[in-house]
Amino acid sequence: MSILRICMCGVLWLVLLAFGMNPARAEVCLTTTGFGSLVDGNVSRAEKTAFDDALFKAYLETALRFVPGSSSMELARVLKTFVSSRGNQDVVQYKIVSRSQLDAMLILSMDMKINETPLREWLQGQVLTTPLDLRPRIILVITTRGPGQSERHEWWTSSTPKGYSPFETQLAKNLREAGENVAGPPLHITKPPAGPDKAIILADSTGADLVITGLLSHKSIDATMMESRLDLSLMDSRARQRLTSTSTTLKGTVDEKTMHDLLITAVMGQLREGIAKKVVRVKPAVSKRTLCIEGIRDNDTYQAIIAALRSMAGVSSVTISRVQGHTACHILQIQGNLQDVMESLRQRNIVPADMIIEGDTAYFRILNQ
């Protein structure tokens, strides 16, 4: 009998090791709702649209755990491109929880499990995970001339600058919405700078890492037509080095504000590529903690606990580190703190258990029933 018991324990731990040693994907489980329009009674097309909508929301909810608020608008702008490129390949599992229809709208509520690793890597590559205070500080030093012959705006020529020009104000707004760290003009300038190095001098005096400098010229061709030329350079003030430069000319029967929007749209991509070269790429903070599960009596309970851990949004991976008797210890890679992980595990009510946290190690002690 004792030999049989030993053999059965050996089989159990072989099973545990077979499951526990497999490399774990960073999976996250979410409940999302998707909407799809019913056109000409085409239910299958509406279901596909609702599924895609739910999947996008799952990606967005997952991404927002890693992206600071300062970059959330930029995330919303560019995420669709990433989701389209991935198709359904990151969907590990999904289940339609409920289905309803409101007028010509199909509504699907879904439980969805996705592999978040490609998303995290993409976010890091797009420098969307870098918080505002770690992004380079930027100042704008752009001369605006016209459309009238005597019109000229250079905020740095006054010892008490009143603020950016309308063009600089709009460019600063767009850059901030994209998550960039754009400073305003200083409140006071001791000695207004002049000469070719004025932009670098101003950047140094305000503590800016980068400066966008150049000239915007407006010229009225006739009563309705305006021609505008924009020449900009992005400078590294500390290295005294030009990172990128761009020029564009536009002509049209539009007002000055619309012309500003068009010019900014034309140069925004190149400016942000240059800025990205100086952004510190920050990986989402991941820490390693130990979890020991004690009193394991059957494989189903053990696998339910491991599955619950791997489904948590804050748990990147779970791997076995040690097995002894009826205890299995694991290395968890988590975002956040161990207390939150254990509280989430407790709420799953998988099996009656005591939980203790000592430093970086948690103990999940299954109670005999």
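**Close-up 1. Strands β11 and β12 pair up in this predicted model.** The two run antiparallel, and eight bridges hold the pairing together on paper. If you want a register mark, take R322, whose bridge partner in β12 is C329. Strand β12 covers residues 327-334, while β11 covers 315-324.

**Close-up 2. Pull back a bit and β11 and β12 turn out to belong to an open sheet of five strands.** Reading across, the order is β11-β12-β10-β14-β13, and the pairing is mixed. Which strands stand at the edges? They are β11 and β13 (353-358), and each has a single partner strand, so one side of each goes without a neighbour in the sheet. From one strand to the next, the twist averages 20 degrees. Helix α8 packs on this sheet and touches β10 (287-294), β11, β12 and β14 (361-366). The direction of α8 makes about 150 degrees with that of β11.

**Close-up 3. Here is T301, a residue of helix α8.** The helix spans residues 299-311. Is T301 buried or exposed? Its relative accessibility is 19%, and the cut-off for buried is under 20%, so T301 counts as buried. Setting aside neighbours within four places in sequence, T301 is in contact with I350, V351 and I366. Of the strands that α8 touches, β14 runs over 361-366, so look there for I366 among the T301 contacts.

**Close-up 4. Helix α4 shows off its buried residues.** In this helix, residues 117-125, the buried ones are P118, L119, R120, W122 and L123. What do they pack against? The partners are helices α2 (43-63) and α3 (72-86), together with strands β3 (105-115) and β11. Just after α4 comes V127, with a positive phi of about 50 degrees.

**Close-up 5. Strands β2 and β3 make a hairpin.** The strands run antiparallel and are joined by 10 bridges, with β2 taking up residues 91-102. Y94 stands opposite M112 in β3. Two residues separate the strands, and D103 in the turn has a positive phi of about 55 degrees.

**Close-up 6. Strand β7 pairs with β4 and also with β8.** With β4 (residues 137-145), the pairing is parallel and counts eight bridges; V141 stands opposite T213 in β7. With β8 (residues 226-236), the strands run antiparallel and 11 bridges join them; in that pair, G214 stands opposite L232. Strands β7 and β8 form a hairpin too, with five residues between them.

**Close-up 7. This view goes into the largest pocket, about 470 Å³ of space.** The lining has 21 residues, and those nearest the centre are E74, R77, V78, A178 and R272. Helices α3, α5 (166-177) and α7 (256-276) each supply at least two lining residues. Which helix gives the most? That would be α7, with seven residues.

**Close-up 8. A last view is about confidence in the prediction.** The protein chain averages a pLDDT of 85, and 91% of the residues score at least 70. Residues 1-24 are another story, with pLDDT below 50. Beyond near neighbours in sequence, that stretch has 30 contacts in the model.

How values were computed. Residues are numbered from 1 along each chain as its sequence is written. This is a predicted model: local features need pLDDT of at least 70, side-chain atom pairs count only at pLDDT 80 or more; totals for chains, interfaces and linings use all residues. Side-chain values use heavy atoms; hydrogens and water are left out. Helices (H or I, at least four residues) and strands (E, at least two) are DSSP runs, numbered from the N terminus. Buried means under 20% relative accessible area, exposed over 50%, partly exposed in between (1.4 Å probe, protein chains only). Contact means heavy atoms within 4.5 Å. Two strands pair if DSSP finds at least two bridges between them. Axes are lines fitted to C-alpha atoms, for helices over the stretch in contact, and angles run from 0 to 180 degrees between N-to-C directions. pLDDT is the predictor's confidence in each residue, from 0 to 100. On a 1 Å grid over the protein atoms alone, a cavity is a set of points where a 1.4 Å probe fits but cannot get out, and a pocket is an open set with protein on both sides within 12 Å along at least five of seven lines; lining residues have an atom within 4 Å of a point. Grid points are joined across faces, edges and corners, and a volume is the space filled by probe spheres set on the points.
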